[in-house]
Each structure stands twice: as C-alpha cells, then as structure tokens.
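Visitor: I'm new to this one. Could you take me in for a close look at a single part, and then show me a bit of what lies around the rest?

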4 protein chains.
Amino acid sequence: MSYGDCFGLWRQAAGQDWHDYTHHGFVEALRDGSLPRESFLHYLKQDYLFLVHFARAWALAVTKAGTIGEMRACAATCSALIDGEMQLHVKSCAAEGVDEASLAATTERVENIAYTRYVLDAGHSGDFLELLAALAPCVLGYGEIGTRLMENAENTPYRDWIETYGGPDYQKSCARAGALIDDAVRRRLGDTPENSPGWQVLCDRFTTATRLEVGFWQMAATP
Amino acid sequence: MSYGDCFGLWRQAAGQDWHDYTHHGFVEALRDGSLPRESFLHYLKQDYLFLVHFARAWALAVTKAGTIGEMRACAATCSALIDGEMQLHVKSCAAEGVDEASLAATTERVENIAYTRYVLDAGHSGDFLELLAALAPCVLGYGEIGTRLMENAENTPYRDWIETYGGPDYQKSCARAGALIDDAVRRRLGDTPENSPGWQVLCDRFTTATRLEVGFWQMAATP
Amino acid sequence: MSYGDCFGLWRQAAGQDWHDYTHHGFVEALRDGSLPRESFLHYLKQDYLFLVHFARAWALAVTKAGTIGEMRACAATCSALIDGEMQLHVKSCAAEGVDEASLAATTERVENIAYTRYVLDAGHSGDFLELLAALAPCVLGYGEIGTRLMENAENTPYRDWIETYGGPDYQKSCARAGALIDDAVRRRLGDTPENSPGWQVLCDRFTTATRLEVGFWQMAATP
Amino acid sequence: MSYGDCFGLWRQAAGQDWHDYTHHGFVEALRDGSLPRESFLHYLKQDYLFLVHFARAWALAVTKAGTIGEMRACAATCSALIDGEMQLHVKSCAAEGVDEASLAATTERVENIAYTRYVLDAGHSGDFLELLAALAPCVLGYGEIGTRLMENAENTPYRDWIETYGGPDYQKSCARAGALIDDAVRRRLGDTPENSPGWQVLCDRFTTATRLEVGFWQMAATP
C-alpha cells in the first residue's frame, strides 16, 4: 500500500483532508453494505463522466511529458481508462438497465465538474508535475481505499467494486503510477524535492484535488 | 438591455436556468438590502478569485481569436478585469479590513472552482466560439441584473455594486461583448448560425455556465 | 487509396502543394533507390523527433474529442505511434549503429519544428476539426505515397520503408483515420460541410500542413 | 544593456548562437544601410505575422502566471504588442503602399511558423518559466541590438527602426521584462536557480528560440 516517496509526503501534507476522503461515509457504506443501490447507480453515472475527463487529463499529460517513457506511461493510462475502467462502468450500468447513451447524457453535477476541470487546468496552467500531483489523489486514493476494504469489508453487495480497486491489477497500476511520479519529480526537482520552492505548489495541487474528492463523495451520497 | 442576437437566443435556450441565475435570492437580497454584510464580504472574496481565473479565460480567448480585432477586444477585456474590476474588489475589501494578500489567500469554494475551470476547459477543448459562449453568462448576466436593479432597487447598502454593473461603463462593455460574439459567430457559422450543427454545443456551453452561476450565488449566500 | 470524402476535397484544395509533397524528389529517390544512405539515416533521426511531437498532437486530440469513439480512436493512434512506428525507427537506426539515446538527442531542424508545432497550435487555437485537418496530410499522404511506391518501386534498398506505408496494416489505419475525419466533420458541420463558413479554415490547415511536409522532405534531403 | 541576472546567464549559455542572432548580416545591413528596401518590406510583413503569434504567446503567459503581478505584466505586454508594435508595422507598411489586409494575408514563411509555434508550444508543454525563457530572446535581443545600433549606426535609412528598439521606451520595457523573469525564476527555483535540475531546460528553451531568431533573419534576408 506504499505507492512511492512523493505520494507519502503529499498524503501527509493533505492531512485531515486525506482522511476525510479515504474514510468518507460513502466509502464506509460501500464497506459495510449499507449504501442504497440508488446512490451507487448515481455514483456510477457521475463517475463515468468523471472518467471521460480524467482520461482527457491523462492525454494532456502525454502532451506535457518530458521523455518517451513518460509519454508511454501516460498514454497507457489514458487507454486503460477508456478501454478498461469506463467499460466496467458501462457493464455495471447495463446490468441496472442504464445503457451507454444514457450514461453519456447524464447531467454533470457541480462537484464533478469542479474536480475534473480543476485537474485539467492544473495541467494547462502548470507543468507535468503539477498535473501529476492533481491526478494522484484519485488514482492512488482508490488504491488505498481498495486495499483497506479488501481487508475490512463486511457482507456487502459492493464486493465487485472493492475487488476492482483492491485487486492485484489495479494495485500494480498504482505502483506504476507512484514510480512514474517519483521518477518525474526527481528528474525535475532533484533528490530532495521537498527543499525546492516548487514543492509547496505540488502539495497544494494534491491537497485541493483531495478536497475535491471529498466533495465528489458527498455529491455521490446525495442522488 | 439587448446585447445582441446570439445572446438573445442563448438566453432563451437556457430557459429557467437563466431566470434562476438573474433572479436568485442573493440578487434579490442585494436589491432589497437584506443581504447580511458577512455574506457580501464572503461573496467579494470568492468573486476576487473568480475574476483571477475569468481574466485568465479572456487571455485564453486572445490565443484562440481569428482576427486582430478579436484579439484586441479580448486583450482589452482581460486588462479591464485585472486593472478595473479586480481593483474595485480590492478597494471594497480594504474598506472592510481585508487586504489584497488575504484576498488572494482565500480558499476557493468548490462552486467557484467548478465555474472558472469549466470556462477555461470550454476554451481548451473547443474553439473561440465555445469559449465565448461559456464567458457570456457572467459578463452579460451581470449587465442584465445591474440594469434591472438600477430600476427596482430599494433602500439598500449595496447601491455601489448595483451602479457598477447597471452604470453606463459596464453597459457599454456589455454592448461591445455582445457585438464581439455576434461578429465572431457570423464569421464562423454564417448568417443563420442556429441552423448549424455546432449551434447546440454553444447553447449547451451557455446553459451549463448559467447553471454554474446559480451554484455560485448559492455558495455566496452561505459563507 | 481513397480515404474518405473530406480527404478528397482537402487534397484537391491543396492543389500543386499536394503533388509537390507526394511526388517530392526525396520520395522519388526512395522509389528508384538513388537516395544516399546518409540522407535516409538523417531522415529517420528527424522523423523520430517528428513522431514524438506527432504523438503529442494525437494526445491533444483526445482532449478535444467530442465522443468516446473519437477519444478512443485518437488514443489508439497515439499509442500506435509510440509503441509501433517510433519503435520501427528505433530498430532501423539501431541497425545503422544509432541507439535510442542518440536519436532523442538529435537537434531538431527548423523545418521539423515548424511542422509539428504548427499542428499542435492548430489544436490549441482551434477545435477538434482544425487539429484533424492539420494531422491529415502526414497520416494520409504517407498512405498515398506508400500505395504508389508499392506499384512503381524499382530495385531499391528502401523496400522496407515502402512496405511499411504501402502495406495492409498502415492502409487500414488510413481508412480508419479517413472515416474518423468524415464522421467528425459531419457531426459538427453537417452533410454538406463545404458550404459551412468554417470549411475554408480546414482547407487552409490542410494546405499549410502539406506545405510543411514539402519543407520536411527538403530538409530530409539535405543532411 | 543589462536586463537582469537570468538573461545574463541564458545569453551566456546560448554562446555562439546568441552572437549569430544579434550580429546577423541582416542586422549589420540595417546598421550600415545596405539592406535592400525590398528585404526590409518583406521583413516587416513577416514580422507583422510574427507579432500576431507573439502577442498570443504573451496572452498564454497570462493563463500560466502565478501571481496578479505576473498576470498584469504579461497582459500589458500583450496589449502593447497589439496596440503599439503591430501598429508601427501597419504604419510603416502603409507608407510603402501595403495595407493591413494585405499584411494579414501574407503567407507565413516556414522559419516564421517554426519560431512562433515553438514559443507557444514551450508554454503549452511546460510551465510559466519555460514560456518566459522562449519569449526572452526576441524581447531582450531586440533591446540589445537596438542599443548597439544606436551607438554604431552609419548613414542608414533604417534609423527609425533602430530608434524604436534602441530608444528609452523599448529599453524600459526590456528592463521590466528582465525583472519579471528574475522574480518569476526566483519565486519558483530559489536564489540559486542555476543549481536546480530544471535550469538546463530553461537554457535549452532560450537557446532554441535564439537559433530560431537566426533562421528568422536568414528568411528575412531572402524575400
């Protein structure tokens, strides 16, 4: 459950916000199975739209990468979102009688717009690192939540969701993302990045994105 | 109070959302003077941050313009926001004991982030017209609100605010913005733009930005 | 060798520039085998750098797409460039004793910079269609050149290159790109896009990119 | 003729390229009056197009700035280019019988496209500093050239041009740009920015832009 040095430091800098995100009531309701089906379906629909823009943000990262390796890693994540994670949502929603056209036509809630467009703007206004710092809380936070829920879940109908994020495939992708971040930061800020004046900007990006995750769960809990 | 043909059509397409924005309880409380001072100060602080990113969006429009005239109009609006409207907020806040450093250090609320980053993304993902359509509700809606409140305001401590947006300078800038939009649309979509397949996208951008204005007032009303 | 309706019209609009590009002396020298090895190696090195930025431009297209299908198509092309076409160059250069680090450290020639950054700017300043119009001459022109050289090549050491672009895999990707363009244009400009005021902008983007292809061959011919 | 610490270091890093730019044959021909009128007019027309995209790049800088002061400085430069420097070109060209519509319709030469789109891409792919480093050679190099030619010009018909860039107004704007750069770099990279791993990237941006200036002069010398 350790996804690299930078993640550890950024997570610490986010403090209570990180805990509020990873232990949100919505997460606990997935864990103990108390989440109403209606809320889960509402979450899936909003999350589908989230993933559209999150995939766009990983594509933006390709345009801001500094090495072929960085380009390849970001392009692979973008494709994995479009062809993998989004298709899981399509399948889950289809099982509930919601087809992909309805999914794509869902009205984006304000908290959803805020999060994805913030991440995209972090990329457009800043550099590759600022974009990675804004992308990290979702990618790695879901990994952390998945791991914890794998261990602690009760008798819950949301076991599929938990195994998606707590399972070995997603955990491997978190390890890769963490290594991408550590390498990218080291290349640009040196071996003690926390001493660079730019470090605080990265912590701020990570913390704001974490705060927007909390807002997303809150929105998800209120269909 | 007519700011051009496109505005008229977009406003109509936004329907009830436009009314909810321009007649929001926050606006009515400015009009009749019932708005708590604390809410107004909170609004000014969030609106200062809004203007930072709104000025960035007008600068983005310069990079997407198709003629020197379009570039000049957008650059002038960007400068007017930085040197004019933002300075009014600085002055108003100073009078309440809040200096510019505190203003800039205010934590952005989610509804604020959602609105400005949505506008910026409309520009990055689309063309000049999509950006203008997302910029229009704020610029022209404030003009419409100002005009109405100039006529109907009661004994209110917020007369300065009303006269800023209802007064001749701001109204002239609205007329210019409306003409910029009409010219830009005609140049790209022809004389009956509403028959172009791209028209609906512009209506959607305008309506979503209007919906985000409603969220902004709601946030402003809850310090 | 027909890659869709828009390509046919854009190609026609580019006129003599299209012929100058697809029948350039460099191409003829690949066909008849008279191209000096040194020029070919120089071309491969510059083209490797070209592909880096061309992949970035296809990633930018993902951020500007309007449907999941458009996103998927652009992301797949981006990945195919990074994992496929660029690796062919790496392999070809390795066979000549030039490793990937040397490739990446090659100094970009002015004509190369002009072309790729023009394409990227077409995307940043315009919409998805403007970007596609600037991407099309390279993708589809190579398909056309490959097809012609498959039929007409003489005894040439550059048969591998010819078979890469004239072969069925690349031809299929050209057919897909042509269909992506036709669908994207129809969705945004309707069934008679050439009557839209925005059509000329697309022709201009295509023609300028074609002109920059001519410059690229010229540069390739002078190591 | 000193425009700040970073400029001094970047200029040194550019080495011979900086000399080739600031002492190019085109510059010497302005100085001694031997430049053919036709070349000068050709230069003015291409430079007009250059300024269009250079103003766009300064607008992009507004969207990437980190403080209100940085936003204001970049917005002011953008406006000064549109309303000042470009109008000088319009006036000079009008005196030669070339109106603004013809100016805007000039076909951009490859070297011109390469330079401006490279600067824009430095902004889109990097952060505020990378964009400033790519903007600096033009702004400050013209200041340095103007200063030198003020001292050494012979009997030349291009005295107006020399006085524009060697005169106090332009020199003041160079001093401001140099200070903007030093402040921006210090804020992001600390007091010894040359020890930061990111420093080399800035030197590379500056040097490549300088190299593209050399190409621009070469193009200007060949109508």
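Guide: Sure, let's start with C:Pro193, which counts as partly exposed because 19 other C-beta atoms lie within 10 Å (20 or more would make a residue buried, 12 or fewer exposed, and partly exposed is in between, with C-beta atoms placed from the backbone). A word on the model: it is predicted, so local features need pLDDT of at least 70 and side-chain atom pairs count only at pLDDT 80 or more, while totals for chains, interfaces and linings use all residues. Residues are numbered from 1 along each chain as its sequence is written, and chains are lettered from A and ligands numbered from 1 in the order in which they are written.

Back to our proline: C:Pro193 sits in the loop between α9 (168-189) and α10 (199-220) of chain C (helices are DSSP runs of H or I, at least four residues, numbered from the N terminus). Leaving out residues up to four places away in sequence, C:Pro193 touches C:Val185, C:Arg186 and C:Trp199; touching, or contact, means C-beta atoms placed from the backbone lie within 7 Å. C:Glu154 is 39 residues from C:Pro193 along the chain, and their C-alpha atoms are 41 Å apart.

Now for another spot, B:Cys78. Setting aside residues up to four places away in sequence, B:Cys78 touches residues that include B:Trp58 and B:Ala59, plus D:Val62 and D:Ala75 from chain D.

Chain D also meets chain A: 13 residues of chain D are in contact with 12 residues of chain A. On the chain D side, α10(D) gives the largest share, 3 residues.

Methods. Helix = DSSP H or I, 4+ residues; strand = E, 2+ residues; numbered from the N terminus. Contact = placed C-beta atoms within 7 Å.
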